[in-house]
Each structure stands twice: as C-alpha cells, then as structure tokens.
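Hello,

Here is the structure I promised to hand over. Have a look at it first, and then read on for what turned up in it.

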Amino acid sequence: MDPVEAAKRIIEKRYPSCKAAVLSGSVVRGESTKTSDLDLVIFDQALESSYRESYVEFEWPVEAFVHNFESYRQFFQSDCKSGTPSMPRMVYEGLVIKGEDLLEPIKSEAQKLLEKGPQPLSKEEIEMRRYFITDALDDFTGSSKRSEEIFIAGVLAELIHEFVLLTNGRYIGKSKWIPRALMQYDPVFADEFTSVFDEYYRTGRKDNVIALTDSILEPHGGRFFEGFSLGKKE
C-alpha cells in the first residue's frame, strides 16, 4: 500500500481521537529502502502522557510516537539537549496527514529549534572531547590487532563527527544520521571523512585517518593528554 494511504488508514484505525498527525522518515524524504518503516507522530489531547509503540499494519512496519499538545515539548527539549533533535526533525520534515492548522505552530517551533542549533560547548567540554579523541587516536595508532582496530576506528569516527559538528554549532547524528548530519554541514568535509575511513576499512592504512583527526584537533590546541583532569576536587 502507498505509504501515505497506509498512514491515513492506520490513524483512522488505531488513533481515531487524534487531532493531528504527521508521517515522517525516509518514505517522506524519498530515501526509502525495502526495510523502511512508517514513522508517525500522533497528537491526541486525551492522552495523559506520551508513549511510543511499534507494530505491523497493512504490511508496513510502523513506529508511532504519540503525544498530547503539551508533552511533545519535553521531547523537543531533551532531544535538542542531547545533540540529536530526532523529534523536532520528524515533526518539521513530516508530511501532515491530519490537523494542518494545529500543526502549523508546532512545526514552526521545531524549525526554530533546528535553526538555533545545540548549546555551544564550553572550554571544559572541548578539552574533554579533545582528550577522548586523543585517547582513541593513540589506541588506533598503536594497535596491531585488526580485530581491535576496526572497533577503535568506529569509536574514533563517532567522536570526530561529534566534535566537528558541535564545535561548529551543528547537531550531531546517530548511526545512518552521522553521514547525513555531516553532509548537511559541509559536503566536502563529509566526503573526505567518509573516504578516509572507507580507505582504512578496505586497506588497513591508517595514515589518512590520523592526518584528518590531527587537522580537526589542531585549531583547538591539538592532541590533549597531559594536564587533563575530570572530577578532581581542588
């Protein structure tokens, strides 16, 4: 069944009292795959609290995020605070299925949060992130066991992407959203980032991963080990 038609029928069947709903995710962005699901954000004022549920309906896997017209704000704020604004993005990018007038101010609220970006990192937060990137980079450089290196590289890639985006006032991603978030920030850097890690995984060569990491750290003082302290009471 067409995803929009399926979404409409699911809402009628499972959430008959909802006043507004959006369909979001890859099916809306034109990026769906054979394993894509329907992401629904449902607004029902009769609810006392938010909940999330997953099920299969009309042969579609569905993830539904169900809120009233106040509870969603907690998720907007917590998602943005974590650096991954999943709920604001779903609402802002989502296709309105029901309640366009009711959703207009909520979509505007989501847009403002996305445009504002995350809270700027403090000096202490930047130093902490430099330290953990340095630690992972040293482990990656010194390791001679392929079984360990491939997982260290994954940690390093995630730390680097977070550092680049957060120090430039951009939200981070998780899983498949890492390359998407980087592409939205800077397509040239995103291609370089992907290329150097792809080269490592294919060939085992570490040089370009190390060089990229150092180039990212350099404007913030380079690698950081000596002098780092966390939780020490003076």
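Which residues does E162 touch, not counting residues up to four places away in sequence? Its partners are R129, I172 and K174. E162 itself sits in helix α7, and it counts as buried because its relative accessibility is 11%, under the 20% cut-off. Please keep in mind throughout that this is a predicted model.

**The overall picture**

The protein is built from 10 helices and five strands. Taken along the principal axes, its C-alpha atoms fill a box of roughly 60 × 45 × 30 Å. Of the 234 residues, 43% are buried. If you take the contacts between residues at least 6 apart in sequence, 61% of them join residues at least 24 apart.

**The nonpolar cores**

A general point helps here: in soluble globular proteins, nonpolar side chains tend to be buried together. In this model the largest nonpolar core has 30 residues. Within that core, F140, L156, F193 and F197 touch the most other members. Five elements give two or more residues to this core, namely α6 (123-142), α7 (146-166), α8, α9 (187-203) and α10 (207-217). The biggest contribution is from α7, which gives nine residues.

L156 is a good residue to click on if you want to see how this region is put together. Leaving aside its neighbours within four places in sequence, L156 is in contact with I133, A136, L137, F140, F197, V209 and T213. Two of the residues named above for touching the most other core members, F140 and F197, are thus among the contacts of L156.

There is also a second, separate core of 18 residues, which includes Y15, C18, L38 and I97. C18 has a relative accessible area of 2%, so it is buried. Another cysteine, C80, is buried too, because its relative accessible area is 9%. As for disulfides, the structure holds zero.

**The pockets**

The largest pocket encloses about 650 Å³ of space. It is lined by 30 residues, and those closest to its centre are D39, F65, S86, M90 and W177. Several elements supply two or more residues of this lining: α2 (26-29), β3 (51-57), β4 (60-67), α3 (72-82), α4 (86-93) and α8 (177-185). The largest share, five residues, comes from α4. Sorted by class, the lining has eight nonpolar, 11 polar and 11 charged residues.

The second largest pocket has a volume of about 310 Å³. Its lining is made of 13 residues, with R89, L114, E115, Y171 and Q184 closest to the centre. Here at least two residues each come from α4, α5 (100-116) and α8. By class, five of the lining residues are nonpolar, four are polar and four are charged. When you move from one pocket to the other, α4 and α8 are handy landmarks, since each gives two or more residues to the largest pocket and at least two to the second largest.

**Some residues in loops**

Three loop positions may also interest you.

- G25 is found in the loop between β1 (20-24) and α2. Its relative accessibility is 8%, so it counts as buried. G25 and P179 are 154 residues apart in sequence, and their C-alpha atoms are 16 Å apart in space.
- F58 belongs to the loop between β3 and β4. It has a positive phi of about 55 degrees although it is not a glycine. F58 counts as partly exposed because its relative accessibility is 24%, which falls between the cut-offs of 20% and 50%.
- S175 is in the loop between α7 and α8. Its phi is near 55 degrees, again a positive value in a residue other than glycine. With a relative accessible area of 64%, S175 is exposed.

If you would like a place to begin, try L156 and its contacts, among them I133 and V209, and then turn to the largest pocket around D39 and W177.

Happy exploring, and best wishes

Definitions and conventions: Residues numbered from 1 in each chain as written. Predicted model: local features only at pLDDT ≥ 70, side-chain atom pairs only at ≥ 80, totals over all residues. Heavy atoms only, no water. 1 Å grid on protein atoms, 1.4 Å probe; cavity = no way out; pocket = protein on both sides within 12 Å on 5 of 7 lines; lining within 4 Å. Points joined across faces, edges and corners; volume = space filled by probe spheres on them. Helix = DSSP H or I, 4+ residues; strand = E, 2+ residues; numbered from the N terminus. Nonpolar A, V, L, I, M, F, W, Y, C, P; charged D, E, K, R; others polar. Core = buried A, V, L, I, M, F, W, Y, C linked by side-chain atoms within 4.5 Å. Buried < 20%, exposed > 50% of the residue type's maximum accessible area, 1.4 Å probe, protein only. Contact = heavy atoms within 4.5 Å. Disulfide = S-S within 2.5 Å.
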